[in-house]
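Student: I would like to learn how to read a structure like this one. Where should we begin?

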Amino acid sequence: MVRLKSRYILFEVLYPPTDVNVEESMSKADILLAHHRASPADVSIKSIIQEVRRSLSLNLGDYGSAKCSSLLQLKYFSNRTSTGIIRCHREDCDLVIMALMLMARIGDVGGLIVNPVKVSGTIKKIEQFAVRRNSKILNLIKSSQSSQFSDNDFLINDLEKIENENENEND
Amino acid sequence: MLVDLNVPWPQSSYMEKVTPQAINNLTKTLTTLHTLGYTHIAINFTVSHSEKFPNDVKMLNPIDIKKRFGELMARTGLKLYSRITLIIDDPSKGQSLSKISQAFDVVAALPISEKGLTLSTTNLDIDLLTFQYGSRLPTFLKHKSICSCVNRGVKLEIVYGYALRDVQSRRQFVSNVRSVIRSSRFRGIVIGSGAMSPLECRNILGVTSLIKNLGLPSDKCSKAMGDLASLVLLNGRLRNKSHKQTIVAGGGEEDDNDVVNDVQGIDDNQTVKLVKRTMDPEQLGHAAKRHKP
């Protein structure tokens, strides 16, 4: 008996600064901070999955969108860290990443890049990767600024919660 | 390392003035690309081949990377290069490339007519061949002309920025990319962004899956933004600063003889280093086969 094979895609929503003037003296941490911002409340699990489906049907037509939508699921999204995890079928993983890449807005919120970061076969590994990646970025920022951030603890707590939920489901 | 060979410079001829706002927009694009993990970026100045070029070599390159982006480079560790793209329409009106290529790191050709395509695939001394992916290709691309061009060492460029604009240009992009991939038999393809604004930048994972869906094998996709693209940068630098593309004097750290991934660049003022290029059959393609004893 062959198990259902799926892939998990870790993505983040970046908000490139479009209105403010960029100073020449921006440091690495400033650039990172300018791009990684908290998402507004309009960007929710519902609006994202709607937008992914819209992008799929716009770019791939009825055939492509129907093919992908069998297992398409947004497992996690946090407005505070603007990171999320999408589950899809193993064969259609590329099409979903393509749809994510071609998205220019989510609902009514424009001026963003949906940036697929990593693809993995299990949700556990992708959570570990997300935590590692976030702490790496935080270290970069912290090393140049003394202020404290608690976003990573926030993400770790969140991810532990869904992990527990998943285990409950499996039981 | 991740290379983007095409970030447009906000100027389409030597006559135009550059506004500070446009420079600011370009800087934003560069910082966004940096956030997405790019390390080597070429700024692309597109100009018509029949345009009157200034006589002074120093005036040829309007980009002036050191003065405008020196601080950005130092702070972020980005490496910036200058690139010129010549729009080739009527070959009889054009002029010699030898002087132009001295002022830029990479020289590319963008044919918009059949004659222009013939000229740029056969005679011109260029590093890159690119097309206007938003509109129809000048002519049907033939295996013979494109493959002979690739064997000469010229790379073909795909610009994915067109896929993110309007519906019409995306449609045209897909059909053009498919014909470029078909005519080149998957060889010598590099990918650039052509991002006019920070919102048109995408990371390697997304671009790879897009181009993979258009028919390029996935191993070639990841090479197209890394190894092959850095080879273009290397070729361009070696054209001006080496003896017969094999030996270069000047630049870099002392014990670092990897020119492709060189972070310092080839600079006349730094410690002298001698680098001999190895004959890697993968990179040289057909040329290596011919040289086998």
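Tutor: Begin with the terms: helices and strands are DSSP runs, at least four residues for a helix and at least two for a strand, and they are numbered from the N terminus. Keep in mind that this is a predicted model.

Student: What pattern does chain A follow along the sequence?

Tutor: Read from its start, the order in chain A is β-α-α-β-β-α-β-α-α. That comes to 5 helices and 4 strands.

Student: How many residues does chain A have, and what percentage of them count as buried?

Tutor: Chain A has 171 residues, and 33% of them count as buried. A residue is called buried if 20 or more other C-beta atoms lie within 10 Å of its own. As for contacts in chain A with a separation of 6 or more, 73% are between residues 24 or more positions apart.

Student: What is the predictor's confidence in chain B?

Tutor: Chain B has a mean pLDDT of 80, with 81% of its residues at 70 or more. Two stretches of chain B need care. In residues 252-256 of chain B the pLDDT is below 50, and the model gives this stretch 7 contacts beyond near neighbours in sequence. Residues 268-273 of chain B also have a pLDDT below 50, with 12 such contacts. For the complex, the predictor reports an ipTM of 0.82 and a pTM of 0.82.

Student: How do I check the span of a helix, say α7 of chain B?

Tutor: Compare the expected span with the distance between the end C-alpha atoms. Helix α7(B) covers residues 167-184, which is 18 residues, and at 1.5 Å a residue it should span 26 Å. Its end C-alpha atoms are 26 Å apart, so the two values agree.

Student: Which residues of α7(B) are buried?

Tutor: They are F173(B), N176(B), V177(B), V180(B), I181(B) and S184(B). Seen down the helix axis, the buried residues fall within an arc of 135 degrees, so they line one face of α7(B). They pack against α6 (143-151), β6 (155-159) and β7 (189-192) of chain B. On the face turned away from the buried side are the exposed residues V167(B) and Q168(B).

Student: What follows α7(B)?

Tutor: R185(B) comes next, and its phi is positive, near 55 degrees.

Student: Why is strand β4 of chain B described as largely enclosed?

Tutor: Count its buried residues. In β4(B), residues 106-111, 6 of the 6 residues are buried, so the strand is largely enclosed by the rest of the structure. V106(B), A108(B) and L110(B) point one way, while V107(B), A109(B) and P111(B) point the other way, and all are buried.

Student: Which strands pair with β4(B)?

Tutor: Strand β3 of chain B, residues 79-88, pairs with β4(B) in the parallel sense over 6 bridges. Strand β5 of chain B, residues 128-129, pairs with β4(B) in the parallel sense over 2 bridges. A108(B) is a useful residue to look at: T85(B) stands opposite A108(B), and in β5(B) the bridge partner of A108(B) is L128(B).

Student: How many residues of chain B are in contact with chain A?

Tutor: There are 25 residues of chain B in contact with 26 residues of chain A. On the chain B side, the elements giving two or more residues are α1 (20-35), α3 (65-76) and α8 (204-213). The largest share, 7 residues, comes from α1(B). By type, this side of chain B has 9 nonpolar, 11 polar and 5 charged residues.

Note on methods. Residues are numbered from 1 along each chain as its sequence is written. Chains are lettered from A and ligands numbered from 1 in the order in which they are written. This is a predicted model: local features need pLDDT of at least 70, side-chain atom pairs count only at pLDDT 80 or more; totals for chains, interfaces and linings use all residues. A residue is buried if 20 or more other C-beta atoms lie within 10 Å of its own, exposed if 12 or fewer, and partly exposed in between; C-beta atoms are placed from the backbone. pLDDT is the predictor's confidence in each residue, from 0 to 100. The expected span of a helix is 1.5 Å times one less than its number of residues. The arc is that of the directions from the helix axis to the C-beta atoms. Ala, Val, Leu, Ile, Met, Phe, Trp, Tyr, Cys and Pro count as nonpolar, Asp, Glu, Lys and Arg as charged, and the others, Gly among them, as polar. Two strands pair if DSSP finds at least two bridges between them.
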